[in-house]
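Fancy working through a protein structure with a few short exercises? Have a look at the sequence and the 3D view, then try each task before reading its solution.

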Amino acid sequence: MNRKMQRIEFEQTKKIYESETLVFYGVDGFDVYNISIPFIRGGKRYLFGRLERREEWARSWVRLFEETGQDEWTVVKDSMIYTLEDPYISEIGDELVLGGTHVQYQSGKYSTFFGYFYRGTDLHNLYYFTTGPNKMKDIRLVRLSDGKIGVFSRPRSAGMVGKYGSESMIGFTVLDRLEELTADVIENAPYIYGIFGEGEWGGVNQAYLLDSGKIGVIGHICYIDEDENGGKVKVYLNMAFIFDPTTRESSDLQLIGSRTCYPPGPAKAPQLVDCAFTSGIVMRSDGKADLYSGIGDCQTGRITIDNPFEGHGRIV
């Protein structure tokens with residue numbers, strides 16, 4: 001079944017229990033989207049969010065927000081400002097690792113981008129410690145059951161289409177410690193095959209260790225479609241799959257969200273009206289999961305769904 005058909009089938013059978021748009025305070029004039037998952041530090045609930053003015057491109061900052069109400073978040077005053085896009089976090093031991101995309105300019109013009117990584121035990125004093133490969137987004141870390149660190153990569157290039165059919169691949173490798181995280185190690189992570197179809201791209205957004213030893217992956221999967229006027233639309237869908245780090249096999253890939261699952265709202269550009277760029281899930285006490293996602297590259301949504309890892313183990 002191609003992805004478009006799978007999406008139609010998903011839309012017909014989906015179960016969405018709650019659907020909300022997040023509200024952000026203290027950042028008037030800026031959109032907040034493509035957030036990290038919410039996390040708890042010192043008894044308070046936080047997230048990192050990407051800030052950008054609606055009419056600007058590739059001029060983003062990442063700020064820390066604290067939860068101040070149901071689906072309401074307020075910027076933490078005097079917190080660090082990072083020149084990054086699309087933040088994400090991993091908890092490795094007692095350290096927090098913050099990653100994001102840093103866009104480089106030369107002579108005032110966009111030139112390239114890299115993944116930047118910060119680490120530390122103090123949320124308000126994270127240290128920049130390493131850089132990913134040139135033009136690679138969606139690098140994600142996860143602590144494994146033996147204490148080692150799993151790393152998902154996301155190479156994407158025109159050459160991949162001819163070789164694999166898809167525009168991007170997902171790689172996976174294992175480190176003994178954070179100090180081993182380098183551009184070369186990420187670049188050379190062996191690929192996981194069979195995730196993306198022809199012309200598709202995507203990546204891992206958040207990875208979770210399950211008590212079965214497997215990894216539950218929340219990610220995004222994308223393809224190009226057309227609107228009713230024949231205009232190009234980039235379709236971004238929320239997806240999940242299970243990965244076994246021992247056998248290196250992936251299974252149970254499923255769609256878990258699409259733009260129509262979230263409340264209606266604007267898009268930064270016409271080609272982004274069908275864009276739901278995944279952040280990740282947070283499990284609830286009722287056994288369901290809150291799935292967070294950037295929507296339309298200008299807002300952040302939350303939907304409540306069934307546990308996408310059901311039957312494969314509980315999140316550690």
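What follows is a set of exercises on a predicted model, each with its solution worked out step by step.

**Exercise 1. Two rings across the chain**

Work out how the rings of Phe30 and Trp61 are arranged, and which parts of the chain the pair ties together.

Solution. Start with what you need to know: a pair of aromatic rings is described by the distance of the centres and the angle of the planes. For Phe30 and Trp61 the centres are 6.0 Å apart and the planes stand at 85°. Centres within 6.5 Å make a pair, and an angle over 60 degrees counts as edge-to-face, so Phe30 and Trp61 are an edge-to-face pair. Next, place the residues. Phe30 sits in the loop between strand 2 (23-25) and strand 3 (31-33), while Trp61 belongs to strand 6 (residues 61-69), so the pair links parts 31 residues apart in sequence. Finally, check the cover: Phe30 has 24% relative accessibility and counts as partly exposed, and Trp61, at 23%, counts as partly exposed too.

**Exercise 2. Another pair, and its surroundings**

Describe the pair formed by Tyr88 and Phe117, and say whether each residue is buried or exposed.

Solution. First the geometry: Tyr88 and Phe117 are 6.3 Å apart, centre to centre, with 75° between the planes, which is edge-to-face. Then the location: Tyr88 is in strand 8 (residues 85-92) and Phe117 in strand 10 (residues 109-120), so this pair ties together parts 29 residues apart in sequence. Now the cover. Buried means under 20% relative accessible area, so Tyr88 at 5% is buried, and Phe117 at 0% is buried as well.

Want the wider picture? The model has 19 aromatic pairs by this rule. One aromatic cluster is formed by Phe39, Tyr46, Phe48, Tyr82, Tyr116, Tyr118 and Tyr128. Lysines turn up over ring faces, too: Lys137 lies over Phe113 at 5.0 Å from the ring centre, and Lys268 lies over Trp57 at 5.3 Å.

**Exercise 3. Getting to know strand 8**

Find out how well covered strand 8 is and how strand 8 joins strand 9.

Solution. Count the buried residues: seven of the eight in strand 8 are buried, so the strand is mostly covered. Then look at the partner. Strand 8 and strand 9 run antiparallel, joined by six bridges. Ile92 stands opposite Glu95 of strand 9. The two strands make a hairpin with two residues between them, and Gly93 in that turn has a positive phi of about 65°.

**Exercise 4. Two pockets**

Describe the linings of the largest pocket and the second largest pocket.

Solution. Take the largest pocket first. The space in it is about 810 Å³. Its lining has 29 residues, with Glu85, Lys137, Arg156, Lys234 and Tyr236 nearest the centre. By class, that lining splits into 12 nonpolar, five polar and 12 charged residues. Strand 8 gives the most to it, with three residues.

Now the second largest pocket, with about 490 Å³ of space. Here 21 residues form the lining, and Ile37, Glu91, Tyr208, Ile315 and Val316 lie nearest the centre. The elements giving two or more residues to this lining include strand 8 and strand 16 (201-209). Its classes come to 16 nonpolar, two polar and three charged residues.

Methods
Residues numbered from 1 in each chain as written. Predicted model: local features only at pLDDT ≥ 70, side-chain atom pairs only at ≥ 80, totals over all residues. Heavy atoms only, no water. Phe/Tyr/Trp six-rings, centres within 6.5 Å; stacked < 30°, edge-to-face > 60°. Helix = DSSP H or I, 4+ residues; strand = E, 2+ residues; numbered from the N terminus. Buried < 20%, exposed > 50% of the residue type's maximum accessible area, 1.4 Å probe, protein only. Lys NZ or Arg CZ within 6 Å of the ring centre and 35° of its normal. 1 Å grid on protein atoms, 1.4 Å probe; cavity = no way out; pocket = protein on both sides within 12 Å on 5 of 7 lines; lining within 4 Å. Points joined across faces, edges and corners; volume = space filled by probe spheres on them. Nonpolar A, V, L, I, M, F, W, Y, C, P; charged D, E, K, R; others polar. Pairing = 2+ DSSP bridges.
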